[in-house]
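Q: Could you take a close look at how strands pair into a sheet here, and then work outward from there to the helices? I am new to this, so please go step by step.

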Amino acid sequence: MVDIKFPDVGEGITEGTVVKWLVKIGDEVKADQAVAEIETDKAIVEIPTPKAGKVSKIYGKEGDIIKVGSSLVSLALPGEEIKAAEVKVAIKSPEIKHVEVKPEIRLPEKIIEEPSKVLATPSTRRFARELGVDISGVMGSGPGGRVMDEDIKKFAEVKPDTALEALPHEAMPPIKLAEERIPIKGIRKTIGERMTKSLFTAPHVVSMDEADVTELVVLREKEKKRAEVKGIKLTYLAFIVKAATVALKQHPYLNASLDPQKNEIVLKRYYNIGIAVDTPEGLMVPVIKNADQKSILELAKETEELAEEARTRKIKLSDLKGNTFTITNIGSIGGIFSTPIINPPDVAILGVHRIRDMPVAIDGEVKIRKILPLVLSFDHRALDGAQAARFMNTLIDHLRDPDLLLLDVT
Amino acid sequence: MVMGDIVTGCDVLVIGGGPGGYTAAIRASQLDKDVILVEKYDLGGTCVYRGCIPSKTLIHAANIIYDIRNPGNIGIEGSVEFDYKNIQQRRFEVVKKLRDGITTLCKKYGVQVIKGEAFFESSDKARITLPDGTNSTFKFENAIIATGSHPREFPGFPFDGKFMINSNEALGLMKVPEDLVIMGAGYISVELGTMFAKLGTRVKIVQRSSRILTRFDPEVVEVVSRKMKKLGIEIYYNSRPLGLRSENNKAIVTISDDKGNESELKCDKVLVAVGVSPNNKDIGLENTRIELDESGFIKVDEKRRTTDSKIYAVGDIAGPPFLAAKAFREGKVAAEVIVGLPSAFDNRAIPLTVFSDPEIATVGLDEESSRKGGFEIRTGKFPFHALGSALAMDKTDGLVKVVAKTNGEILGVQIVGANASLLISEASHSIEMAAFLEDLAGTIHPHPTLPEALAEAAEAALGKAIHI
């Protein structure tokens, strides 16, 4: 008999929630077969068994929180038998015989139907659900307090806050209407802990600038269709990742991390770019490995794939770590400027916003150009404002002149 | 959707083709979903093969035989001969007609029916095993479980199909037993006991408490008890079976009352009708996130959604009351919720009928449960013997009771009497429409008819009945 334990899956993960058991007692499993799906703070991972055998015990049920190192399942190794005590044998008596029993019959209880649900007709109850109104909180104006369609309509029109004050006590809507409590767990908890630590450890400085991307817009419009033929959605983000890696190579202090123990700055000669992705569960940051060695089309394709995997929680843990620099693309949703928080262990994060038509003075004349707002948050312990500004200049140069960007393609 | 080894998909997978399952499948298909309905046997479920329809068909025949032999005081006399096999034959024809009807409806609405057994492999995949043993895996967006229930055994007295039989086997007997012992005195016991008594069987009922039909208002049950006594049905109250043996192809049940007095009941068959157990095994529920209640029924919310958010459950498997009527409504609710409509099983009351003699039908709260629920109530009663119509038909045993809050809001109605099963629908509709006593009393009822009793009982509750 051997216990299969929840292994250390890295990234400082100490516990996980059992989403689903993939085996049941009595199943024969092969080595490397997944036995459970476990949701960690990062993703849902499948835990494989290193050994083959027969499942004899499953520790806990779905939804349970399991610590790293504790047992998931017990396996009877080939040759071992599951204990007889755990096998139920049905004994059937074919002949009628005289049996002495004290029967305990549980007849169905007298059905006490839930008395007096809301006093309203079926169509009115449905109408309330259509408007998203909890009818049990509506005071009826009809005979004997019958809730009428008009009551539902009025209730739906009143703003929640005033409704609480305007209604008599007994008609007060249940608390859940006015407030809702969402437990902080999983990804939400991780985001909170990491961001708090980052913001209160690293002295953040935010540098803001703009890039004139008029020509990049033209280029991207032209190349978009050709990329589509290959099934690739060519995004501005791919160009920005490319430009960032070029700039990072020239300004190594932004592609770095701090080692506080040794009091050293670690400059990294590999370029793994984290991309912040908005998912239903919260922000996730998949990482494009060795982004400097990939073409713009490859970057576009990989970004799209990783983002989709993150949104559907299919992403592998290994794709969520190893970042050396992070880009957050806020522009796709809105806003002009923001102050992003550095994603540890990076020392800098680049925020990109929406490209807008802006009046720009060129040679004494006002021209309309495509302007991309950029923000850079950096850790003042690792570098200074001048380095950051130089990095931004290189970045902006490459975004302004895409030819330059293409020349750098390796 | 192609059968084979590869995973194929559908929008809605319905497991079980009884009232809940086929209703859900048709409604989902009407709402443009791609629906697969998996049924182990034929479409129709317990209702068509083992419950409502066979029992109602046989009870109907037994009632005609009894009424001809016992016409009462209407001035005629008659005699009747019957061959039970012919009655059973007609039962099979009725069942077949309904089965064919349901099959045609599924075809008409584009439901794909697969004969086989379904087994959840995960929360979005199920394996379907065909009768020839081949398997296919289906991926579904949503599933609706409607696997129903089966008769529960009496502890210590397992069904053997020979002497110890369940209600299904009792309905399937091709010969009327001479002596029948029934364990339990719920509605199935009373219905089948009455039916067999009318066909000539000597019926004995063993009941552990001092009442029969314990979930019904005692005043209502009293009318049925009187008639059962008249039919020669013996009821052993406060008694329990001790053992069972066979002797010359007869079964002998030893019973004991609460004082320890033992007696032996000789019979051909022992019918056990002590409730139902859920069909929750061998369908792979353990591979989903579905939770069961302490009795093994699937936990559902108002929308009939289980604790596994893509999977719904309807009918008996979703818990009591175990009524086809409830399953029909739940099936529609689950299908509508799946397509995003704001439906919910929000009914204010569920009617329940017993095809006893005379019939019982109730909806909502009775006096006892209203008081337990903390309501100040007023009640109104109207006896059948004060009804012109009941007198004309010589069906004067019966009464209607209306229970309402003191402000007049109707909480429940209990009816015992001829055609109670038909009369109850007006009461159900009144409660569902949030009616008050005045609403029921102020509605014109055709005369002379039995439903007048409802309006009269409502008036009695208001303190101003004309005819009593």
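A: In chain B, strand β12 is joined to strand β13 (residues 250-257) by eight bridges, and the two strands run antiparallel. One position shows the pairing residue by residue: B:Ser246 has B:Ala251 in β13(B) as its bridge partner. Please keep in mind throughout that this is a predicted model.

The pair belongs to an open sheet of three strands in chain B, whose order is β12-β13-β14 and whose pairing is antiparallel. At its edges lie β12 (239-247) and β14 (262-267) of chain B, each of which pairs on one side only. If direction is ignored, neighbouring strands of this sheet are turned against each other by 25° on average.

Chain B also holds an open sheet of five strands, again with antiparallel pairing, in which the order is β18-β19-β22-β21-β20. Notice that the strand numbers do not simply count upward across this sheet, since β22 sits between β19 and β21. Here the edge strands, each pairing on one side only, are β18 (352-354) and β20 (377-383) of chain B, and the twist from one strand to the next averages 10°. At one end of the order, β20(B) is held to strand β21 (residues 399-405) of chain B by seven bridges, with the two strands running antiparallel. Within that pairing, B:Lys381 has B:Lys401 in β21(B) as its bridge partner.

A helix lies over this five-stranded sheet as well: α7 (residues 218-230) of chain B lies across β19 (360-364), β21 and β22 (410-416) of chain B, and its direction is at about 10° to β22(B).

From a helix on a sheet we can move to helices on helices. Two packed helices are described by the angle between their axes and by the distance between those axes. For helix α1 (residues 19-30) and helix α8 (residues 324-338), both of chain B, the angle is about 30° and the axes are 7 Å apart. An angle under 35 degrees counts as roughly parallel, and α1(B) and α8(B) are therefore roughly parallel to each other. The crossing in which α1(B) passes α8(B) is right-handed. On the side of α1(B), the residues that make the contact include B:Pro19, B:Gly20 and B:Ala24, while those on the side of α8(B) include B:Ala327, B:Phe328 and B:Ile338. Sorted by class, the residues of this contact come to nine nonpolar, four polar and four charged.

The helix α1(B) has another packing partner, helix α4 (residues 84-108) of chain B, and for this pair the angle is about 25° and the axes are 9 Å apart. That angle makes α1(B) roughly parallel to α4(B) too, although the crossing of α1(B) and α4(B) is left-handed. What meets in this contact are B:Tyr22, B:Ala25 and B:Ile26 of α1(B) and B:Ile102, B:Leu105 and B:Cys106 of α4(B). By class, the contact of α1(B) with α4(B) has six nonpolar residues, with no polar and no charged ones.

Chain A offers further examples of strand pairing. Strand β2 (residues 15-21) of chain A runs antiparallel to strand β4 (residues 34-39) of chain A, and four bridges join them; in this pairing A:Val18 has A:Ile38 in β4(A) as its bridge partner. Next, β4(A) is joined by five bridges to strand β5 (residues 44-48) of chain A, again antiparallel, and there A:Ala34 is partnered with A:Pro48 in β5(A). Strand β2(A) also pairs in the antiparallel sense with strand β7 (residues 65-67) of chain A, over three bridges, where A:Gly16 stands opposite A:Ile66 in β7(A).

To end with a single residue, A:Pro203 sits in the loop between α5 (186-201) and β9 (204-212) of chain A. It has 11 other C-beta atoms within 10 Å, so A:Pro203 is exposed, the cut-off for that class being 12 or fewer. Although A:Pro203 and A:Phe378 are 175 residues apart in sequence, their C-alpha atoms are 8.0 Å apart in space. When neighbours within four places in sequence are left aside, A:Pro203 is in contact with A:Asp379, A:His380 and A:Arg381.

Key. Residues are numbered from 1 along each chain as its sequence is written. Chains are lettered from A and ligands numbered from 1 in the order in which they are written. This is a predicted model: local features need pLDDT of at least 70, side-chain atom pairs count only at pLDDT 80 or more; totals for chains, interfaces and linings use all residues. Axes are lines fitted to C-alpha atoms, for helices over the stretch in contact, and angles run from 0 to 180 degrees between N-to-C directions. Angles under 35 degrees count as roughly parallel, over 145 as roughly antiparallel, 65 to 115 as roughly perpendicular and the rest as oblique. A crossing is left-handed if the near helix is turned anticlockwise from the far one by less than a right angle, and right-handed if clockwise. Two residues are in contact if their C-beta atoms, placed from the backbone, lie within 7 Å. Ala, Val, Leu, Ile, Met, Phe, Trp, Tyr, Cys and Pro count as nonpolar, Asp, Glu, Lys and Arg as charged, and the others, Gly among them, as polar. Two strands pair if DSSP finds at least two bridges between them. A residue is buried if 20 or more other C-beta atoms lie within 10 Å of its own, exposed if 12 or fewer, and partly exposed in between; C-beta atoms are placed from the backbone.
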